[in-house]
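Let's take a look at how one helix sits among its neighbours, first in one chain and then in the other. Here is the structure to follow along with.

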Number of protein chains: 2
Amino acid sequence: MKLHFRSLTTAVLCATLVTGAALAGSHSAEGNKAVQARKALMGMVGYHTGLLGAIAKGEMPYDAAIVNASAANIQALAAMERATLWIEGTEQGAVPDSRAKAEIWGNPDDFGAKFADLEKAAAAISGATDAAAVGAAMGPLGGTCKSCHETYRGPEN
Amino acid sequence: MKLHFRSLTTAVLCATLVTGAALAGSHSAEGNKAVQARKALMGMVGYHTGLLGAIAKGEMPYDAAIVNASAANIQALAAMERATLWIEGTEQGAVPDSRAKAEIWGNPDDFGAKFADLEKAAAAISGATDAAAVGAAMGPLGGTCKSCHETYRGPEN
């Protein structure tokens, strides 16, 4: 069985035993993998939001397939399970590159509600029949990004 | 409306007009955004496969929530719409960093079937009740990765 596993370090395992959580961050580069994975998620949200924004602004021609695929992918990203991504011990300051505020782990329900808002805003873009309709639906979408970032994202590192 | 758009370049728009496709890659760094987005997707698959592999190998304690969240996230990633990610003109050699073989665009149904296989293999991991069960389900999962990479991924750049 030859797989492309990225092996996890003993550091992560030790941190796990200490905290009692199934997963925990560490100060090591290995412990930072969860941060990179959620940055990948946010990067994909940003990429698709960029496509929709370019269509809304007339920088790209309207294309129903691209609009609907972008909306669907943002929905899927917003609906991802967060247990493997926003793991305990990976807040800003604890691991490199993280901008996650500790409040995320204190308010998991509200944090989840922010993603549900993003999911709903993305769903509302599906079926937009022209660039203006895409643009009209971008306001609420951007609002959900802003709301979550203001509450749960720390300053740039 | 202040959004975090990444504006697309005129280069992309020009390429679009030339090829007649709604989206097309270009040799510019901007045209490479789709490549980076699909690398983000693959990175997230790799991250979650790594978690499952670590559990299977006893490097991390078995945790049902992590197993199921990893499986669910791989399923969601495999099911993503590919229209915005594997866009025409972003094959290996045409844009930086790409390892996508041109065959992807010649065999879209088979390429899609590979992702459906990954989705099914990930679904089969949900509910694995111990590390051994996770490990047993990793073989077929790794097989789907290997099968797609052998057919549709070019050599390292």
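## Helix α5 and its partners

In this predicted model, the buried residues of α5(B) are B:F111, B:G112, B:K114, B:F115, B:L118, B:A121 and B:A122. They pack against α2 (33-56), α3 (64-78), α4 (103-106) and α6 (131-152) of chain B. Helix α5 of chain B covers residues 108-123, so 16 residues in the helix, and spans 23 Å from its first C-alpha to its last, close to the 22 Å expected at 1.5 Å a residue.

Now for chain A, where α5 (residues 108-123) packs with α6 (residues 131-152) and also comes up against α3 (residues 64-78).

| Helix pair | Angle between axes | Axis distance |
|---|---|---|
| α5(A) and α6(A) | about 165 degrees | 8 Å |
| α3(A) and α5(A) | roughly 165 degrees | within 8 Å |

Angles over 145 degrees count as roughly antiparallel, so that is how α3(A) runs relative to α5(A). The crossing of α3(A) past α5(A) is left-handed. On the α3(A) side, the contact uses A:A71, A:I74, A:Q75 and A:A78, and α5(A) brings A:F115, A:L118, A:E119, A:A122 and A:A123. By class, that gives 7 nonpolar, 1 polar and 1 charged.

The α5(A) and α6(A) pair is therefore roughly antiparallel too, and α5(A) passes α6(A) in a left-handed crossing. Here α5(A) contributes A:D110, A:F111, A:K114, A:D117, A:L118, A:A121 and A:A122, while α6(A) offers A:P140, A:L141, A:T144, A:S147, A:C148, A:T151 and A:Y152. This contact has 8 nonpolar, 3 polar and 3 charged residues.

Notes:
Residues are numbered from 1 along each chain as its sequence is written. Chains are lettered from A and ligands numbered from 1 in the order in which they are written. This is a predicted model: local features need pLDDT of at least 70, side-chain atom pairs count only at pLDDT 80 or more; totals for chains, interfaces and linings use all residues. Side-chain values use heavy atoms; hydrogens and water are left out. Axes are lines fitted to C-alpha atoms, for helices over the stretch in contact, and angles run from 0 to 180 degrees between N-to-C directions. Helices (H or I, at least four residues) and strands (E, at least two) are DSSP runs, numbered from the N terminus. Angles under 35 degrees count as roughly parallel, over 145 as roughly antiparallel, 65 to 115 as roughly perpendicular and the rest as oblique. A crossing is left-handed if the near helix is turned anticlockwise from the far one by less than a right angle, and right-handed if clockwise. Contact means heavy atoms within 4.5 Å. Ala, Val, Leu, Ile, Met, Phe, Trp, Tyr, Cys and Pro count as nonpolar, Asp, Glu, Lys and Arg as charged, and the others, Gly among them, as polar. Buried means under 20% relative accessible area, exposed over 50%, partly exposed in between (1.4 Å probe, protein chains only).
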